[in-house]
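This briefing goes through the sheets, the helices packed on them and the ligand shell of one structure. Please keep the structure in view while reading.

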Amino acid sequence: MPPYPLALLTPEESDMMDHAASAVVPVAQLMENAGWAVARAIRKRFQKCRVAVVCGPGNNGGDGYVVARLLARWGWSVRVVAMGAPKEGRPAFVAASGWGGPVLPFEKASLEGIDLLVDAVFGSGLKRPVSDDVAEMLAAVPRRVAIDMPSGVSGETGEVLGQAQGCALTVTFVRPRPGHFLEPGRGLCGELVCADIAMPEQAWSGLTPKISFNWPGLWELPVSGEGDYKYRRGVVSVCGGAVMPGATRLAARAARRTGAGLVRIAARKAAEAYRLGDPGLIIDDQPLGSLLEDLRRKVWICGPGLTPEEVSEVLPALLAAKKTVLADAGALAWGAEDLSRLKGVAAVTPHIGEFKKLFGPVTGSRTEAALNAARELNAVMVMKGADTIIAAPDGRIAINAHATSALATAGSGDTLTGVIGTLMAAGMETWEACCAGVWLHGEAGIQAARDHGGWPVAEDLDLPLGEARSVATELSKADLSKNPVAALL
Ligand SMILES: NC(=O)C1=CN([C@@H]2O[C@H](COP(=O)(O)OP(=O)(O)OC[C@H]3O[C@@H](n4cnc5c(N)ncnc54)[C@H](OP(=O)(O)O)[C@@H]3O)[C@@H](O)[C@H]2O)[C@H](O)CC1
Ligand SMILES: [K+]
């Protein structure tokens with residue numbers, strides 16, 4: 001059974017795997033399998049045309065020589081443009097020896113008349129910024145297919161080192177890399193295919209992948225059914241303020257649609273602003289202290305719709321009462337003045353702008369920055385964006401790619417807090433609740449976009465949440481051992 005079906009392998013982990021595999025199977029054989037997978041993916045998608053395979057000095061280039069050989073065998077017009085000959089004794093040398101066709105020098109003239117460029121220059125061995133001459137070569141042919149990664153994109157972080165050219169198709173192996181899902185890498189990969197190259201199971205021994213692909217099966221939603229009652233489904237309490245009641249109501253509505261048994265807004269003096277809203281919502285106008293005594297009200301959402309000043313009036317009391325707090329929006333603005341104000345919250349959901357205000361500039365890996373921040377705060381970090389990262393202080397990291405740009409609308413974040421809060425209130429472990437909440441929110445966004453011509457507003461996002469929950473429950477029944485992340489792309 002293939003292990004870690006939802007793992008995303010960093011280049012370092014992939015190297016460790018190749019190393020362990022080499023005790024059982026020659027790397028040249030894996031390279032042969034990789035080349036086959038790429039050649040087949042090309043044949044499936046493109047008409048026969050004139051191809052240049054641009055090969056770098058390492059194993060990525062080695063895969064390229066195999067692709068060249070196979071496409072030529074199938075009757076395509078193929079040339080290799082080589083950055084340099086692979087070193088004798090290396091697996092790529094074996095692959096290069098199997099190529100009997102033309103090898104042209106590494107210069108633009110070698111690409112004249114070419115319809116499709118196969119980028120086999122750098123893959124997971126990219127170490128430093130790509131130089132101008134390499135970038136210019138790759139840019140000379142507009143239609144490109146990348147082996148493993150578009151050259152210049154970091155497999156670990158998705159960052160561009162120097163320069164990188166976008167591709168129509170990227171074929172990777174075994175499991176994808178984080179850089180395939182983290183921007184800007186994600187946008188440069190085009191269609192992503194992850195091929196099985198018959199990696200032996202022994203290659204996984206000693207490896208515990210750090211990063212996962214966020215998908216049902218990584219977590220399981222609480223099952224509802226007979227014997228359910230509202231307190232078992234969970235109570236979600238949302239702090240309400242006087243200035244932006246809309247945001248608080250969006251969080252509350254999302255909580256109800258996700259399946260919370262009971263949702264209450266602790267509105268204090270602003271109760272009138274909420275009373276004309278949804279009839280199923282309970283509005284509390286009592287002082288917060290008396291509400292905190294209710295032990296069934298464990299999970300509190302604090303921040304959506306609140307000014308930092310309003311947060312300062314409620315958050316310390318929630319933390320002193322040892323409530324499970326999900327902090328967003330106004331709470332993050334208040335915490336940005338002094339991070340210790342957020343110590344004790346269970347999870348935070350900043351977008352990148354809020355994140356920087358809380359933890360300073362992000363240089364390098366965003367997954368690492370999210371993890372370090374989670375550890376500093378001792379809370380689960382949901383770093384929101386097109387490629388949301390969910391990190392737990394114990395080291396678990398997930399990257400979510402199940403989303404749509406339609407979610408980039410005001411109020412979308414408030415909805416997300418309601419979803420996550422509900423799953424926490426239903427008893428899910430915090431990191432899993434955050435991962436699941438982000439996925440459900442993405443699924444609801446996809447459905448709402450479909451139902452509203454691609455342009456839903458925040459008020460449309462809560463409606464599909466019930467359906468999204470059913471979809472996730474169904475998907476999590478799939479046998480992932482037979483259906484690893486490759487099949488989900
Ligand atoms: N398990 C798998 O997924 C398998 C993947 N395969 C393929 O192997 C590559 C990784 O191969 P590797 O040899 O480790 O690395 P690369 O080919 O990507 O690149 C290494 C060489 O490139 C030089 N380098 C790196 N960055 C630059 C740069 N910016 N400018 C110039 N040269 C650069 C590096 O030089 P050093 O001086 O740093 O040593 C190396 O010479 C993976 O991507 C897959 O395609 C296997 O075929 C099968 C198993
Ligand atoms: K490449």
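**Briefing**

Strand 10, helix 8 (residues 245–258) and strand 11 form a β-α-β unit, and this unit is right-handed. The model is predicted. It contains an open sheet of 11 strands with mixed pairing and an open sheet of 7 strands with parallel pairing. A shell of 28 residues surrounds ligand 1.

**The sheet of 11 strands**

- The strand order is 1-9-18-17-16-15-14-13-10-11-12.
- Strand 1 (7–8) and strand 12 (282–284) are the edges; each has a single partner strand, so one side of each lacks a neighbour in the sheet.
- Strand 10 (residues 235–239) and strand 11 (residues 262–266) run parallel and are joined by 5 bridges. Val 235 has Leu 262 in strand 11 as its bridge partner.
- On strand 11, Leu 262, Arg 264 and Ala 266 point one way, while Val 263 and Ile 265 point the other way. In a regular strand, side chains alternate between the two faces of the sheet.
- Because 5 of the 5 residues of strand 11 are buried, this strand is largely enclosed by the rest of the structure.
- Strand 11 also pairs with strand 12, in the parallel sense and over 3 bridges. Here the bridge partner of Arg 264 is Ile 282 in strand 12.
- Helix 16 (residues 430–451) lies across strand 15 (347–348), strand 16 (380–383), strand 17 (389–391) and strand 18 (397–399). The helix runs at about 15° to strand 16.

**The sheet of 7 strands**

- The order of this sheet is 4-3-2-5-6-7-8.
- Strand 4 (103–104) and strand 8 (191–195) stand at the edges with a single partner strand each, so one side of each is without a neighbour in the sheet.
- Strand 5 (residues 116–120) pairs with strand 6 in the parallel sense over 3 bridges, and Asp 119 stands opposite Ala 146 in strand 6.
- Between strand 5 and strand 6 the chain passes through helix 5 (residues 132–139), and this β-α-β crossover is right-handed.
- From strand 6 (residues 144–147), Arg 144 and Ala 146 point one way and Val 145 and Ile 147 the other way; all are buried.
- Strand 6 and strand 7 (residues 169–173) pair in the parallel sense over 3 bridges. Ala 146 stands opposite Thr 170 in strand 7.
- Strand 7 and strand 8 are parallel too, with 5 bridges, and Leu 169 stands opposite Glu 191 in strand 8.

**Helices across the sheet of 7 strands**

- Helix 2 lies across strand 6, strand 7 and strand 8, at about 150° to strand 7.
- Helix 3 lies across strand 2 (50–55), strand 3 (77–82), strand 5 and strand 6, at about 160° to strand 2.

**The shell around ligand 1**

- Among the 28 residues that surround ligand 1, the closest are Gly 58, Asn 59, Asn 60, Gly 123 and Gly 125.
- Helix 1 (11–21), helix 2 (27–45) and helix 3 (59–73) are the elements that give two or more residues to this shell.
- Helix 3 gives the most, with 5 residues.
- By residue class, the shell around ligand 1 divides into 13 nonpolar, 10 polar and 5 charged residues.

Notes:
Residues numbered from 1 in each chain as written. Chains lettered and ligands numbered in written order. Predicted model: local features only at pLDDT ≥ 70, side-chain atom pairs only at ≥ 80, totals over all residues. Near = placed C-beta within 6 Å. Helix = DSSP H or I, 4+ residues; strand = E, 2+ residues; numbered from the N terminus. Nonpolar A, V, L, I, M, F, W, Y, C, P; charged D, E, K, R; others polar. Buried ≥ 20, exposed ≤ 12 C-beta atoms within 10 Å, placed from the backbone. Pairing = 2+ DSSP bridges. Right-handed = clockwise from strand over helix to strand, strands pointing away. Contact = placed C-beta atoms within 7 Å. Axes fitted to C-alpha atoms, helices over the stretch in contact; angles between N-to-C directions.
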